[in-house]
Structures are given as structure tokens and as C-alpha cells.
Amino acid sequence: MARTAPAINALSRLLALAAVTVVIGLLPWLSGSKPEYTILRARYADREATPETLAMIRDELGLDRGPVAIFLAWAGGVAHGDLGTSWITNTPVGPGTVSALGVSLTLMGCAVAVAAVVAVLLCVPAVARGLAGKPGSGSGAVAAGMTALPEFLLAAMLLIVGAVLLGWFPPYGWQGLHHAVLPALSLGLPAGGLIGRLASEAISAAFAEKWVATWRLAGARRGQLTAAVLRRAMPSVTSQVGLVLIGLTGGAVAVEKVFAIPGLGRAILGAASAQDIPALQAGVLALLLLAVIVGSACAAVRLLLLGRALRSGTVPAPETMRFTRRREMLLPLVVALALVLLVVAGLLRDPFASEHARLAAPSLALPFGADASGRDLLARVGHGALSTLGTSLLVVLVCLVLGLVIGLFPHASTGPVEVANAAPPILVGLMVAVVTGPSLLGAAIAVALVGWAPLAAHAAALGQEARARPFVKILPVLGVGPARILLRYVLPAILGPVFRHAMLRIPGIALALASLGFLGLGPRQPTPEWGLILAEGINYVERAPWTVAAPAAALVLTSVLAVSLSGLNWNRRQGNPGNDAPIREGHKSTASSGE
């Protein structure tokens, strides 16, 4: 099986790339639109849509040959280095794609540096607790707050503070690294919060393993112990880091739009909006190739860190964390109470009536002020919680099920995971909107189509480690079938961490839905949805910051609540309950054979 794993990974990536490329190539036909009309409007605006003119365009592009022939012709051109000709500008799309990719890679490098600094700072407390002999997860409120900040809102706030008020940085454009500071902070802070939370949890779990106590008794120095714990903890996080790196490049559409950066995300958004299929194909192909490269590199690093233990079946089993103390429940209780009060107070008000002055400041009558239409922001945020949080929870549950099922087959899921994460929700939202039209359901489908990938990668990494534990590797020798091993030992080992990871992503799902609403791909007015409220208020954030403070506060409270609850542990039992698994299964197998 180990020898066939690389071949399965390569085949998985190849099939996933082929499937997505075919879907992208067939998008005009899936939408039922006529591409010749798009080209007519772009190139021959002075001509009427006569049958002769449309026939000329179809003949020029070979549209009469059908979608399969057109796709094969495009694929043949790509094989020879020709990415096609833009339907809008009638120029080759290759040079523009390469240039936009270079900009996005530079921005990604700067954002990765910011995320690395943030993640290290968030992991320091976990290391300190572990060295003090008190391993355990904190509430993660700081990381949750960072993760809850919408990138486009954070970008707008940094633009106002750093460029307008202080004048330290340029407000838009791309002419050097000084233009990358504010966009890198907009992307790096949420990414660093997510990576830092996952890494600190892995570090705490590693400090709780039995071998750490053995090293202490052997007189290991603090530096040696820290290095060993980091090496033990990082393999389960490496896959997530790779997915975040890919997501930084593909998911920066909103940030690139706010700062007018000519990156790949903005180029793909423009191509999709204009139905410029060759440019869209080239951009998505570049993203997918980048995903494969980054995914392969992260997989290689993970095997390098865990390889010998993985091959020999000596991966230690994590210890069950202690029961949660009462004082650690204070934060989620306070946050939950604040969120409930906010929602209930909003539900008692009318979210649609324009009864107040435009952009009215907060007061006793209007605790959160009014929006640009004179509507009560507290009412809109309260009513919006039902649609935003309800939809986010349903999407997360769907993603959790998909992630667990797909992640249990790590080699076969490599390609789909990388491809799904390479496609930002905004891009998928555009494609779904082309087929179904803008709506809340379409936005939820778009987010679910790509939101399962990080959970599947996490489940695959943990499942691979679980299968390599000594008491699990011995089970087939005792006659235990693969289905029983999977359901009895592998799935329970990964369910808890992946569920906590899923809860951590509830705010991210809400932010993705908000981003789609911000770009007009989600629900329409006058729906009181948090993304729409943010989109409406972001234009007035400089003179009326309360227009975005209310929905932003709701998102932050939701994130802190989800992360603090996911960090609690309700299991009182100490030790590793699975170490006697071979004995129990051996008795069962013997009894079964005797029968």
C-alpha cells in the first residue's frame, strides 16, 4: 500500500484537475448563455445582433464545433504553451495571467510573513504552559477575534487608518513592496489567527503525551523538549498551513479589489464577470497548478517530520486532556449571554422601517445607530443572525460530514482537497450565480463546495497518524477487519479534533457568505443579512463607523463563542483508553473463531 500511495496521489490530482478544467470549459453551456453575444458586445458594439454577425463570430471562434471540440482545442493549445485568446480584448491571455500571478505571489509572501509572526505569538502561551507542566488549551479569544475579522472590512479599516488618517502607506495600486503592507496585514492577521489556534492546540496535545514525562525524567533541557514537541505537533498542522497558503493567493479577491491590486484573484473575478472564458480558464489553471505545487511541498515537509515514526508504526497516542474547570467556562458563558442579548434586543425591533435620520449616531433609542437608509442597525443585526448564523451552521455541518468521509481516504482525496481549496468561495460563487442566479442558497452552495477541504485535510492527517499507532497496526494480525478498525479506532480518534476545527470555521463560513453578499452574489436587499449590512456600511465607515461596528461585533462574538466552546473538554477519564485495544480485539477475534 505504501508503494502505491504516490501513484494514487498523482492520479487523484490529475483527475481533480481534469474535472475542474472541464467544468470551467463548459461553463458557458452550463449557464445556457450564448458566448457569441458576449463577444459581440465586447468587440463589435457598433453592430447589431443579426444572424449573419453571430454566425461570423461562431465561425471565428469555432463555436459551431461544440463544447467538446472547443475544450480539446484549448487543452491542445495549453500543452504547447498557448493559454488562448481573450474573448473581450482579442489578445493572448498568457502574459496577463503570468503578470497577475507574480503580483499575487508577492502579496502572498508578505501575508505569510505576517501570519507566521501572529501564529508564533499565539503559540508562545501554549509552549510556556507545557514547559511548566500544565498543558491545556486556552480559550483562544485573541485568535478567534482575528479569525472573525472580515478581510474586506479589515482592509477598509486599515486603508482609512494607515493611508487616509496617518498617510503612512499608499491607498491603492501596486508599484513596490510598500504597497503590500496594508493588504498583507488584511490577509495575514486572520490567517495567522487560524494557524496559531490550530498550532497551539496541537502543541498542548503533544505536551500531554507520555513520552514528554519520560524526557523530563531523563533530564532533557527546555530547548530540546520544546524542539521535540514542535516536531511532534507540526505534522498535523502542516496540511492546514498549506491550505492557508493556497487560500491566501486564491481568496484575496476582496482585498485586491479594495486596494486595486492587479493580482490573479481580481483578474479572475473580472474575467468571470465579463464571461471571458479563456482568461478565466487561464487564471483558474494557474491557481490549480499553484495548489498542486504548494500541496506537494507541504506533504513532503510533513513526511520529513513524521516519516520514520510513520513507517515504523511508533507514532505516540495523545493523552486525553483533563476535564474543564469551571472558571474556564466563564468566557463562553459571558460571550453567549452578550450574543443572546444582542439578538433578542434586535428581534424586538423593526429591521425594515426607515424611521430615523440617515446615519444617526448611537444613542439610548438607537444603541447601534442607524444605517444610510435610516433603519435601526440593532434590529437588522438581530434579525440577520437567524439567516447568517443559521446558514453558516448548516453549511459547517455539511462540510464536517464531507470532510470526515473524504478525509478517511487520504491518498484518494489529495487532489480534490487541493483543488477545492484553490478555488476561492467568491470564484465558485460567481460560477454558481451564473447557473442559479444570486441568492442565499446559491451562496451557501458555493461555500459548501469548497469549505470541506480544510476539514478533509485535517481528518486525513490525523487519520494517517491514528493508523500508524502501534496498537492499531497490530489489529489486522489479530483478525480485525478494516471496516471495524476504521469505525472503532480511526474515526473516534479524529472526530473530536475535526469537530473542534469545524466549530472554529463557523465564523469563517459566515465571513465567506458575507463576502459573497458584499460582492452582490448572495441575498438581495432588503434582507437583514450581516454581509449586506457590512457592504452597505463600508462606504460610510470613515464618517459613521457604527455602520460596520454592529455586524462586526456580532461576527467577533460568534467567533469567540465558537472557539471557546470548541476548546472545552468534557472527558473526565485520564490516560489512553486505546492501549489495551489489541487485547480486547484479540479476545473478540478468538471468541469469534471459536464460534
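Let's start at one residue and work outward: Arg 349 has a relative accessibility of 28%, so Arg 349 counts as partly exposed. Keep in mind as you look around that this is a predicted model.

Arg 349 has a partner. Asp 376 forms a salt bridge with Arg 349, and the closest N and O atoms of the two are 2.7 Å apart. Both residues sit in the loop between helix H16 (330-347) and helix H17 (377-407), yet they are 27 residues apart, and the pair links distant parts of the chain. The acidic side of this pair is set differently against the surface: Asp 376 counts as buried because its relative accessibility is 4%, and the cut-off for buried is under 20%.

Step back by one position and you reach Arg 375, in the loop between H16 and H17. Arg 375 is buried too, because its relative accessible area is 9%. Arg 375 forms a salt bridge with Glu 536, with the closest N and O atoms 3.5 Å apart. Glu 536 lies in helix H25 (residues 530-537), 161 residues away from Arg 375, so here again distant parts of the chain are linked. If you display the surrounding charged side chains, you will find that this contact belongs to a wider arrangement: a network of salt bridges links Asp 371, Arg 375, Arg 380 and Glu 536.

How many salt bridges does the structure hold? The structure holds 6. As background, side chains of opposite charge can pair when their charged atoms come close. One more of these bridges deserves a visit, the one that Glu 201 forms with Arg 500, where the closest N and O atoms are 3.3 Å apart. Glu 201 belongs to helix H9 (residues 181-207) and Arg 500 to helix H23 (residues 482-504); the two are 299 residues apart, and the pair links distant parts of the chain. Arg 500 counts as partly exposed because its relative accessibility is 23%.

Now for the aromatic side chains. A search of the whole structure finds 1 aromatic pair. The rings of Trp 211 and Trp 215 have their centres 5.3 Å apart and their planes at 75°, so the pair is edge-to-face; the cut-off for that label is over 60 degrees. Both tryptophans lie in helix H10 (residues 210-217), and because they are 4 residues apart, about one helical turn separates them. Trp 211 is buried, with a relative accessible area of 18%, whereas Trp 215 is partly exposed at 36%.

The cysteines come next. How many disulfides does the structure hold? The structure holds 0 disulfides. Looking at individual cysteines, Cys 123 counts as buried because its relative accessibility is 10%, while Cys 110, at 23%, counts as partly exposed.

Finally, zoom out to the whole chain. The protein chain has 27 helices and 0 strands. Of its 595 residues, 53% are buried. Among the contacts with a separation of 6 or more, 77% are between residues 24 or more positions apart. The outside of the protein chain can be described as well: the chain exposes about 26300 Å², and carbon and sulfur atoms supply 68% of that area.

Definitions and conventions: Residues are numbered from 1 along each chain as its sequence is written. This is a predicted model: local features need pLDDT of at least 70, side-chain atom pairs count only at pLDDT 80 or more; totals for chains, interfaces and linings use all residues. Side-chain values use heavy atoms; hydrogens and water are left out. A disulfide is a pair of cysteine sulfur atoms within 2.5 Å. Buried means under 20% relative accessible area, exposed over 50%, partly exposed in between (1.4 Å probe, protein chains only). Contact means heavy atoms within 4.5 Å. Accessible areas come from the Shrake-Rupley method with a 1.4 Å probe; for residues, only the protein chains shown count as cover. A salt bridge is a side-chain nitrogen of Lys or Arg within 4 Å of a carboxyl oxygen of Asp or Glu. Rings of Phe, Tyr and Trp (its six-membered ring) pair if their centres lie within 6.5 Å; planes under 30 degrees apart count as stacked, over 60 as edge-to-face and the rest as tilted.
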